[in-house]
Amino acid sequence: MVLSLTDVELSLQGNAGMVDILHGISLEVAKGDTLGLVGPSGSGKSSLLMLMGGLERATGGSVLALGNDLTTMDEDQLARFRRSHMGVVFQSFHLIPTMTALENVATPLELAGAADAFERAEAELDAVGLGHRTDHYPAQMSGGEQQRVALARAAAPRPDILLADEPTGNLDQATGAAIMDLLFDLRDRHGATLIMVTHSLDLAARCDRTIRLVDGRLDAETRNTPDLRVTDAATTGYAKVGE
Amino acid sequence: MIWLTQAATIARRELRGGLSGFRIFLACLALGVAAIAAVGSVRVSITAGLEREGSVILGGDAEVEFDYRAATPEERALLDAVGTVSQVYDFRSMAATGEGREADRALTQVKAVDDLYPLTGTLTLDPPIPVAQALADDGAIIHPVLADRLGLEIGDPIYLGTRALTLRALLTREPDAGSAGFGLGPRTIVSTAALEGSGLVSEGSLFEVKYRMLIPGATDEQLDALEVELETAFEGSGARWRDRRNGAPQVQRVVDRLGSFLVLVGLAGLAVGGVGVSAAVRSYLDRKTGVIATLKTLGAEGRVIFAAYLMQIGVLAALGIAIGLVLGTLIPITVGPLIEARLPVPVALGVHPGPLFEAALYGALTALIFTLWPLARTEQVRAASLFRDATGTSRVWPRRRYIVALAVAVVALVASSALLSGIPMLALYSAGGIAFALALLIGAAWGVRRLSRMLAGTKAVRGWPALRLALGSVGGPGGEATAVVLSLGLGLTVLAAVGQIDANMRAAIDRDLPEIAPSYFFVDIQPDQIEGFLDRVENDPAVSRVDTAPMLGGVVRSIAGTPASEFDHWVTRGDRRISFADTPGDGTRIVAGEFWPEDYTGDPQISFAREEAEELGVEIGDAVTMNVLGRDITGTVTNFREVDFSSGGIGFVIIFNTAALQGAPHTWLSTVYAEESAEAAILRDVAGDAPNITAIRVRDAIALVTEALGALAAATSWGAGATLLTGFIVLIGAAAAGERGRTFEASVLKTLGATRATILTSFALRSALLGAAAGVVAIVVGALAGWGILTFVMEAPYSFEWRSALLIVVGGALATLLAGLAFAWRPLAARPAGVLRAQD
C-alpha cells in the first residue's frame, strides 16, 4: 500500500476551544490508485489530505506513507519525505510570489539536491504549456497559469504520491477542466498515486475510487469503473461504507 | 463644511478599532521628537543656567582683562570708580614639591587673588575653611587632581617658582571655573601677595590680569553703557571687556554648537522615523482598502475619505508627539544632574517651552511629509479599482494640490530647522545630506534588488537553495529591501560619518602630531636664563632639535592707516605675542618680499605670516603700528612668511627686526624635541635650576585635547545612537510586517521539502544581505560626509578609516539579522496545513 491510515483522529485548537475534525478514519490507497475525496464544506476532507501529506499531525491513529509512519516524524523528517515522495497542489496555487515560474518549479528539485533542477523545471513548464513564461512572477500570470505552474512544481520531482486540494476551486469551468486534464495526464504519464479533494462529483468520478466524508467520518466509498462513474454519482451518489 | 463633519464622524468610528497597527508609528514619532526635545532642553537648561548665574560664573558683574600686565594706576582708578573691584592674576606655572632637581613638578593654572576674591559665589574647600584663612600667610589651595599628582597633603609645602607656600585646602568647587576656558593644568589659588618674589609675574612673562567689578543694581543697559565708556577709555591698550551676560563664552559656544549639531542629528533620526511612519500608514491604508471602497460605494466623496484618514493620522501623530515631548522633558531632568556634574557651569533644569515647541514642529511636519502621499492616493483611486486591487499595489500619483502641499511641508521643515538651529548653513547642508542619503539609499535598495534578482537567476547559485531563496526574496516583488535599507541605512550613515571624523581626528593626533610636535614648550625663560637653558638641552644627546625665540606682547593699533578696531580678525583683537629675529630661521619659507639683512639696524621692518596677511589685506610696504608695552612702534611689512601653526612648533604672525624690539622687556620661548625617555630628566633639570620657567609637556596637552574630542565624539555618537535606535524600531516594524509573508513562504517551502534549517538559513541570509547593503551605503555616504567636514570645515586631511567602516557593515548586518531572526520563530514553527488552508 502507498498510503495506509488507521483510526486517524484529528483535533485542532479553535478560538472557542478544541474542535474535533476527524474521527477514526481508516483507509488504504494502493500504488497507482486515483482517489477522490468529497463531502460538504467542513467535513474534514482537506484536513484528511493534509494528514496524508504530513502537513498536519494526527492527534490519534497512524498514517503510513510508503511504509513510513508520518505521525512519528518531526517537521524536518516530514519535509525530507515530501521532497522525495510527494507533490502537493492547492486551491490557491501557493506559488512563492518572490520567485519566477521557473524558480518555483525548480525549488523542490533543488531542495532534493538535483544537479539539473533548472533544466528539468524548464521541461516541466514546457509540458504544461508555459515554456514561454518561465521568467514571469506569479503576480504577472492568470489563475489558470499559476495553477499550471503549481502542477509542474508538484510533478517535477516525479513524486510517488500527488495530493491535490480542490485544484480547480479558484478557476472558471473551462480553465478548471483544462487543469484537470493536465493533472490526470501528468498522473498517467508518471504513474503517481493521486489523491484529490474536490466539490465536483464529475471530477471525483474521474478517479478510480471516491470517498465521501461527513462530519469527519468516512460516510461512503465508491469504486468508479468507467461504466459506473456517471450512473452512481447521478443516482444515490455513494454506497455506504461497509455495505 | 458638512463634509468635514462627515469626515470627523468616520474618523471617530474608525479609531474605535484601536491602535494595534500603530505601535511602530507612535514609537518612531515619539523617539524622534523625544531626542530633539531632550537635546534642545539640555541646551536651553545650560544657557538658562549661564544666564541665571552669569555674575557667579564670571566672578563679578563685569570684567576687564589685560594681557601680560596689570592696569596702570590711571586705568585702575577708572575701574575703581565703577564699583567694587577685585584683581585676579591668571597664568600657567609649575607647582613643585620642593626645590632643586629632585622635586616633583606638575603644570598648574595659577590664580593669584586679592582679599576680595571671590566677589560673587562661594568656593567650596576641603577642609571647609574660609578662603581668607586658607590663603593667609602664604597658604595655597589646589585642585585634588594636582594634590594626587604631586602626592601632597594638607599642611605640606608646595612651591610656585621660587616661593614656598603651604597647602591649606583642596578646591572642591570653583564658582568662576567656567569663565576661565580651556586650561592645560589643574587649578592652584594663592594670594597676590604670595606672588611677590616668586619670579613668576615679571615684565615679558605670560599672564593675564582680570579686574572683576561688582556693580550693585546694574541693569543690562547700564552695563552696555559702561562697556562703551571703558572701551573708549582703554582704546588700544589691549583691554578686553566681558560681563555677566557672557560669563563663559567658550562653554556657551560649545554648548550652542553641539546642541545645534545634535538637533540636526535628531532630524536625521526623525527622517528615519518618517520611513517607519510612512510604512505604518501605507500598511494601515492597505488594510482599510475595503472600508474605503465601501465608503466610496456608499457615496463618500474623495475629500471626505482623505479628511477622515488625515484626521485619524493627525490624532495618532499628536499622540506620538505628546509622548515624545513628555519623554523629551523627563530625560533631561533625569540625566541633568549627571550633565551638571561634568560641566563647570550650573544647569537650570526644568520645562523649557522653546525646545519642546521646536521638537513638536519638526515632529508634526515630518509626520505630514511622510503620510501625505499615501493619504492623498486614497482620494485618487476609484472604488472599483480598490475592489479589484485589494492588495493596494496600485501606484497612482496624488493630485497636484497634495504634491504642492508636500513640497510646502518639506520647505517648512528645512527652513524651520535652518532658522531654529542657529546654524543655517550647516542645517541646509544637513538637509541636503539627508535628502542625498535617502535618495542614495532608495537607489541602493533598487540596486540590491536588481543585483539579487540577477544573481538569483545565475547558474552559480543553483544547487544552493537557501542562498537562491534569499536572493530571490530580496530581488523579487513585494520584498522588504527598500524598508530595511532605508530604515537602517540612514542611522548607520550618521554613525559612519561620526566614526570617520572621530577616527581621522584621533589618527591625526596619535600618528602625525607626536612625530612633528616638540616634547616641551618652555615659556617665561628670562633673558639671563636662556644661556643656561640652552646649555642643558643642546648638550643632551637625546634632544634632536631646540628652537628658541624671544617673545613679548603687543597690540596691533593700525594697519596701513586703518585702525585695528575696523578689522574683524583674531590678529587685531587683544594682545598678540610677537617676536624679533635677525634671520628667517631654519625651514622658514619667505613667499614674498625679502627678509632684512642679518645686522640690519634701520627703520623697523615686519615679517608677516602669509595667510593672515591675505585675510587682513596686508600688502608689502604697508605700515603696521603696534603698541608694545605702552610704546607705539611702526614698522613696514617687507616680506611674507609661510607659517604652519599645525606643526606644533614656534610660529609668530608678526616678527620685527631685532634692533626694533631688542630693548623691550621680553622672555624666551623654546621648543625642545627629545626622546620620550629623556623628557622627565629635562623637566627636572630645567625647572629645578629655574623654577619660574613653565614647561608644557606636549603629550599631556595632546591627551587633554584627545579627551575633549572623545567627549564630543561620545555626545555625537549618542545622537547617532538615537537615530540608529529609531532605525532599529523601523526595522523591527518591517520584520514584523513581513512575518505573515515569511510564514506563508516557510509553509510552502516545507511542503516542497525544505527543512527548517534551510528555511532559517535563507531568512538569515536575506537579512544579512540587506543589512550589509545598508552598511555599505552608510559607509559610502558617511565617508563622503566625513571627507567634506574634515576637508572644508576642519581643514584637515582625510583618509578612509576601514576599521570604523567594517564595524558599521558588520553592525548593520547583525542588526537586521537579529530583527529578522526575532521574527523567524513563528514562521518556522507554523504548521503548513493551518497556514496554507487559511489562505484558501
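In which helix of chain B is B:Leu262 found? Select that residue to begin, bearing in mind that the model is predicted: B:Leu262 is found in helix 9 of chain B, which covers residues 249-287.

**Stop 1: helix 9 of chain B**

With B:Leu262 still selected, display its surroundings and note that this leucine is buried, having a relative accessible area of 13%. If the neighbours within four places in sequence are left aside, the residues in contact with B:Leu262 are B:Val39, B:Ala715, B:Thr716 and B:Gly719. Add B:Gly40 to the selection as well, since its C-alpha atom is separated from that of B:Leu262 by 8.6 Å, although the two residues are 222 apart along the chain.

Move next to B:Ser278, which also lies in helix 9 of chain B. This serine is buried too, with a relative accessible area of 9%. A distance drawn from B:Ser278 to B:Ala564 gives another picture: the pair is 286 residues apart in sequence, and their C-alpha atoms are 57 Å apart in space.

**Stop 2: the whole of chain B**

Zoom out until chain B is in view, and orient it along its principal axes, where its C-alpha atoms fill a box of roughly 100 × 65 × 60 Å. Colouring by secondary structure shows 27 helices and 21 strands in this chain. Of the 840 residues in chain B, 53% are buried. If you draw a contact map and keep pairs at least 6 apart in sequence, 81% of those contacts join residues at least 24 apart.

Now colour by domain, using the assignment that gives domain 1 as 1-58 + 253-422, domain 2 as 62-214 and domain 3 as 543-674. The C-alpha centres of domain 1 and domain 3 of chain B lie 57 Å apart.

A further selection comes from the UniProt record, an unreviewed entry, which places the feature "domain: ABC3 transporter permease C-terminal" at residues 265-377 and 722-827 of chain B. Taking residues 722-827 alone, you will find a span that is 86% helix and 0% strand, with its end C-alpha atoms 30 Å apart.

**Stop 3: helices 15, 24 and 16 of chain B**

Select helix 15 (residues 424-456) and helix 24 (residues 756-793) of chain B, whose axes come within 10 Å and cross at roughly 145 degrees. The crossing of these two helices is right-handed. On the side of helix 15, the contact is made by B:Phe436, B:Ala437, B:Leu440, B:Leu441, B:Ala444 and B:Val448, and on the side of helix 24 by B:Leu770, B:Ala773, B:Val777, B:Val781 and B:Leu784. Show these as sticks and colour them by residue class, and what appears is 11 nonpolar residues, with no polar and no charged ones.

Stay on helix 24 of chain B and pick B:Thr761, which has its place there. This threonine is partly exposed, with a relative accessible area of 38%. Its C-alpha atom is 7.9 Å from that of B:Leu467, a residue 294 positions away in sequence.

From there, select helix 16 of chain B, residues 465-475, which is largely enclosed by the rest of the structure because 10 of its 11 residues are buried. Among the buried residues of this helix are B:Arg468, B:Ser473 and B:Gly475.

**Stop 4: backbone details in both chains**

Which kind of peptide bond runs from B:Tyr117 to B:Pro118, cis or trans? Select the pair and read the omega angle, which is near -10 degrees, so that the bond is cis by the value computed for it. B:Pro118 is found in the loop between strand 3 (105-113) and strand 4 (124-126) of chain B. Continue along the chain to B:Asp126 and B:Pro127, which are joined by a cis peptide bond with omega of about 0 degrees. B:Pro127 is found in the loop between strand 4 and helix 5 (131-135) of chain B.

Finally, turn to chain A and select A:Phe93, which has a positive phi of about 65 degrees although it is not a glycine. The place of A:Phe93 is in the loop between strand 6 (86-89) and helix 3 (101-111) of chain A, and at 9% relative accessibility this phenylalanine counts as buried. A:Glu166 likewise has a positive phi, near 45 degrees, in a residue other than glycine. Look for A:Glu166 in the loop between strand 7 (161-165) and helix 6 (173-190) of chain A, where this glutamate is buried, with a relative accessible area of 14%.

How values were computed:
Residues are numbered from 1 along each chain as its sequence is written. Chains are lettered from A and ligands numbered from 1 in the order in which they are written. This is a predicted model: local features need pLDDT of at least 70, side-chain atom pairs count only at pLDDT 80 or more; totals for chains, interfaces and linings use all residues. Side-chain values use heavy atoms; hydrogens and water are left out. Axes are lines fitted to C-alpha atoms, for helices over the stretch in contact, and angles run from 0 to 180 degrees between N-to-C directions. Helices (H or I, at least four residues) and strands (E, at least two) are DSSP runs, numbered from the N terminus. A crossing is left-handed if the near helix is turned anticlockwise from the far one by less than a right angle, and right-handed if clockwise. Contact means heavy atoms within 4.5 Å. Ala, Val, Leu, Ile, Met, Phe, Trp, Tyr, Cys and Pro count as nonpolar, Asp, Glu, Lys and Arg as charged, and the others, Gly among them, as polar. Domain bounds come from an automatic or database domain assignment. UniProt positions are given in the numbering used here, feature names are shortened, and annotations may be inferred rather than shown by experiment. Buried means under 20% relative accessible area, exposed over 50%, partly exposed in between (1.4 Å probe, protein chains only).
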